[in-house]
Amino acid sequence: MSNVIKGNCLCGSIKLAGHGAPLIDVCHCGQCRRWHGGPALGIKFDGGIEIVAGEENLRWYDSSAWAQRGFCGTCGSTLFYRLRDAPEDLYAQAGSFHLPKGLAIHEHIFVDEQPDYYDFKGEAERLTGAELMARFEAEQAGHSND
Ligand SMILES: [Zn+2]
Ligand SMILES: [Zn+2]
């Protein structure tokens, strides 16, 4: 039986299920901080994220030419990030899920945009925006060689 971790927005109308192993990244970019009111503790699951209930309450905001951010139209909880080119790949927020204890942060991204007034403990890898984009481009190049 595969592992399922449940999640929900603040009002409970949108219910989520994360399938498989969770992976938590922290994004320090200015856009995430404005959207969430602080750094984004993003989460993905190796088996994907399912919207179990309340999809009719979900609203999408076009936050850039390439991405959308999803939130609950009733309680305003910030829930999702997705690329327009891959709308089925949902990135969610760690705080939305009932996670077990003992999880660690996988990595930090856009650390060059991180303000001085907070920090995280731990030795997780820290990538600047440029380093992240370079990795993304290398992955794209890899795919085009398939
Ligand atoms: Zn809600
Ligand atoms: Zn961000």
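Start by colouring the charged side chains: the chain carries 13 positive and 20 negative ones, and the centres of the two sets sit 9 Å apart. Keep in mind throughout that you're looking at a predicted model.

**The whole chain**

Now switch to a cartoon view. You should find 2 helices and 11 strands. Walk along from the start of the sequence and the order reads β-β-β-α-β-β-β-β-β-β-β-β-α.

Zoom out for the overall dimensions. The C-alpha atoms fill a box of roughly 45 × 40 × 35 Å along the principal axes. For 146 residues, a compact globule would have a radius of gyration near 15 Å, and the 16 Å found for this chain agrees with that.

Turn on the surface next. Its accessible area is about 8900 Å², with 52% of that belonging to carbon and sulfur atoms. As for what's tucked away, 39% of the 146 residues count as buried. If you show contacts, look at those with a sequence separation of 6 or more: 50% of them are between residues 24 or more positions apart.

**Stop one: the zinc ion**

Select ligand 2, the zinc ion. Which atoms hold it? The SG atoms of C27, C29 and C32 coordinate the zinc ion, at 2.1 to 2.3 Å. Along the sequence, these donors follow the spacing C-x1-C-x2-C.

Click on two of the cysteines in turn. C29 has a relative accessible area of 10%, so it counts as buried, the cut-off being under 20%. C32 is buried as well, with a value of 8%.

**Stop two: W60**

Jump to strand β6, residues 58–62, and pick out W60. Is this tryptophan buried or exposed? Somewhere in between: its relative accessible area is 27%, so it is partly exposed.

Show what surrounds W60, skipping anything within four places in sequence. The contacts are Q68, R69, G70, F71, F80, R82 and L90. For a sense of distance, draw a line from the C-alpha of W60 to that of H19: the two are 41 residues apart in sequence and 23 Å apart in space.

**Stop three: G54**

Step back along the chain to the loop between β5 (49–53) and β6, where you'll find G54. This glycine has 8% relative accessibility and therefore counts as buried. Which residues does G54 touch, leaving aside neighbours within four places in sequence? Light up S13 and I14, and you have them.

Then try a long line across the model, from G54 to A124. Their C-alpha atoms are 34 Å apart, and the residues are separated by 70 positions in sequence.

**Stop four: the loop between β9 and β10**

Select L99 and G95 together; L99 is in the loop between β9 (92–93) and β10, and so is G95.

Take L99 to begin with. At 26% relative accessible area, L99 is partly exposed. Not counting residues up to four places away in sequence, L99 touches I5, P22, I24, I43, F45 and A94. Add G18 to the selection too: G18 is 81 residues from L99 in sequence, yet their C-alpha atoms are 9.9 Å apart.

Now move over to G95. How open is this glycine to the outside, buried or exposed? G95 is exposed, with 78% relative accessible area, and the threshold for that word is over 50%. Draw one more line, from G95 to A40: that gives 9.5 Å between C-alpha atoms for residues 55 apart in sequence.

**Last stop: F110**

Finish in the loop between β10 (107–109) and β11 (125–127), which holds F110. Check the backbone here. What is the phi angle of F110? Phi is near 55°, a positive value in a residue other than glycine. While you're there, look at the surface around F110: its relative accessible area is 16%, so it is buried.

Definitions and conventions:
Residues are numbered from 1 along each chain as its sequence is written. Chains are lettered from A and ligands numbered from 1 in the order in which they are written. This is a predicted model: local features need pLDDT of at least 70, side-chain atom pairs count only at pLDDT 80 or more; totals for chains, interfaces and linings use all residues. Side-chain values use heavy atoms; hydrogens and water are left out. Helices (H or I, at least four residues) and strands (E, at least two) are DSSP runs, numbered from the N terminus. The radius of gyration is taken over C-alpha atoms; the globule rule is 2.2 Å times the number of residues to the power 0.38. Buried means under 20% relative accessible area, exposed over 50%, partly exposed in between (1.4 Å probe, protein chains only). Contact means heavy atoms within 4.5 Å. Accessible areas come from the Shrake-Rupley method with a 1.4 Å probe; for residues, only the protein chains shown count as cover. Lys and Arg count as positive and Asp and Glu as negative; His and the chain ends are not counted. The place of a charge is taken as NZ of Lys, CZ of Arg, CG of Asp or CD of Glu. Donors are N, O and S atoms within 2.8 Å of the metal (3.2 Å for Na, K and Ca); water is not among the atoms, so sites may look incomplete.
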